[in-house]
Amino acid sequence: MSSDGINSNTCAAHTLELCIKKLLDIQIFSTLIKRASNIVSAFKHSYKRSYALENVLEQLGKPKLTVIQSCPVRWNLTMFMLERLLEIRQRIVTVMADRMHFTRQEAQKLEFIEEDWDNCNILFNLLKSIHSATTVLCADKKVTISLIRPIIHSLIFKHLKINENDNALVTNFKTSVSQELSVHFAIEENSPEEINIAQISCLLNPRYKYLNFEYLF
């Protein structure tokens, strides 16, 4: 806290990244990501398999897209990995079913059932909304501090709001991320004696000056 009683503000994009990385370490998500990563590795570490995948895509008149590997220190690569796997799902299944490239044991070990693909799609779409927020907060050519609290509030109370049709995976994700964001960004916890500089920035921004999204206003 500075001498004038106003707390400084940490990098919002970095804080958001830490929240998501912590979430993806939860077993239900880390297991799914690890299995998806194993499929990617099976293609990336074999020229013949990669070439076979390209051929299948070319024969169908599709772009020669390659698989993308996730990275523990960059959660957005996990999102891109899932997106690419879903995009070329049928072509991957075709190559894995070819015994010239995968033995029966290898294919069975890597196989994704329908539920696994559904969960990949669910996790990708959940991460996509977080990625959009991160992209805005990482803008280089404009000041974004006044956007922090409105964006985080929107994530918690709109995009991560639990619906009655959400399954266990979605509910777990939304609950865990909302809790992490609420704690790290002090949503609904600020008192008049602990005004955050991000709140002052909102007050000075004509779009948010009424602070309708703040708990105390």
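# A tour of the helices, starting from Leu123

Select Leu123, which sits in helix α7. The model on screen is a predicted one. Is Leu123 buried or exposed? With a relative accessible area of 0%, Leu123 falls under the 20% cut-off and is therefore buried. Show what surrounds it: apart from neighbours within four places in sequence, Leu123 is in contact with Leu24, Phe29, Leu32, Ile33, Leu82 and Phe173. Of these contacts, take Phe173 as the next landmark. Leu123 and Phe173 are 50 residues apart along the chain, and their C-alpha atoms are separated by 8.4 Å.

**Zoom out to the whole chain**

Before going on, colour by secondary structure. The chain has 10 helices and zero strands. Read from the N terminus, the elements run α-α-α-α-α-α-α-α-α-α. The chain has 217 residues, of which 43% count as buried. Among contacts with a separation of 6 or more, 71% are between residues 24 or more positions apart. The pair Leu123 and Phe173, at 50 residues apart, is an example of such a spacing along the chain.

**α7 against α9**

Select residues 114–137 for helix α7 and residues 168–184 for helix α9. Their axes are 10 Å apart and the helices pack at an angle of about 25 degrees. Angles under 35 degrees count as roughly parallel, so α7 is roughly parallel to α9. The crossing of α7 past α9 is right-handed.

Now show side chains between the two. Which residues meet here? From α7 come Asn119, Ile122, Leu123, Leu126, Leu127 and Ile130, and from α9 come Leu169, Val170, Phe173, Lys174 and Val177. By type, the residues of this contact are nine nonpolar, one polar and one charged.

**Phe173 and the core**

Centre the view on Phe173. Leaving out neighbours within four places in sequence, Phe173 is in contact with Leu23, Phe29, Leu123, Leu126, Leu127, Ile130 and Leu160. The largest nonpolar core has 56 residues, and the members that touch the most others are Phe173 and Leu181. Helix α7 gives this core its largest share, nine residues. In soluble globular proteins, nonpolar side chains tend to be buried together.

**α4 against α7**

Return to α7 and add helix α4, residues 75–87. These two helices pack at an angle of about 135 degrees, with their axes 9 Å apart. The angle makes α4 oblique to α7. Their crossing is left-handed.

For the contact itself, select Trp75, Asn76, Thr78, Met79, Phe80, Leu82, Glu83, Leu85 and Leu86 on α4. On α7, select Trp117, Cys120, Asn121, Leu123, Phe124, Leu127, Lys128, Ile130, His131 and Thr134. The residues of this contact divide into 12 nonpolar, five polar and two charged. Leu123, the starting point, appears in this contact and also in the contact of α7 with α9. Leu127 and Ile130 likewise appear in the contact with α4 and in the one with α9.

**Two buried charged residues**

Stay on α4 and select Arg84. Its relative accessible area is 17%, so Arg84 is buried. Which residues does Arg84 touch, not counting those up to four places away in sequence? They are Leu65, Thr66, Val67 and Ile68.

Move to helix α9 and select Glu180. Glu180 counts as buried because its relative accessibility is 16%, under the cut-off of 20%. Not counting residues up to four places away in sequence, Glu180 touches Cys19 and Lys22.

**Around α8 and the end of α9**

Select helix α8, residues 148–159, and find His153 in it. His153 has a relative accessible area of 23% and is therefore partly exposed. From His153, draw a distance to Ser182: the two are 29 residues apart in sequence and 8.7 Å apart in space, C-alpha to C-alpha.

The last stop is Ala186, in the loop between α9 and α10, the latter being residues 197–204. What does Ala186 touch, leaving aside neighbours within four places in sequence? Its contacts are Arg149 and Leu181. The C-alpha atoms of Ala186 and Arg149 are separated by 9.4 Å, with their positions 37 residues apart along the chain. Leu181 leads back to the core, where it is named with Phe173 as touching the most other members.

Conventions
Residues are numbered from 1 along each chain as its sequence is written. This is a predicted model: local features need pLDDT of at least 70, side-chain atom pairs count only at pLDDT 80 or more; totals for chains, interfaces and linings use all residues. Side-chain values use heavy atoms; hydrogens and water are left out. Axes are lines fitted to C-alpha atoms, for helices over the stretch in contact, and angles run from 0 to 180 degrees between N-to-C directions. Helices (H or I, at least four residues) and strands (E, at least two) are DSSP runs, numbered from the N terminus. Angles under 35 degrees count as roughly parallel, over 145 as roughly antiparallel, 65 to 115 as roughly perpendicular and the rest as oblique. A crossing is left-handed if the near helix is turned anticlockwise from the far one by less than a right angle, and right-handed if clockwise. Contact means heavy atoms within 4.5 Å. Ala, Val, Leu, Ile, Met, Phe, Trp, Tyr, Cys and Pro count as nonpolar, Asp, Glu, Lys and Arg as charged, and the others, Gly among them, as polar. A nonpolar core is a set of buried Ala, Val, Leu, Ile, Met, Phe, Trp, Tyr and Cys residues joined through side-chain atoms within 4.5 Å. Buried means under 20% relative accessible area, exposed over 50%, partly exposed in between (1.4 Å probe, protein chains only).
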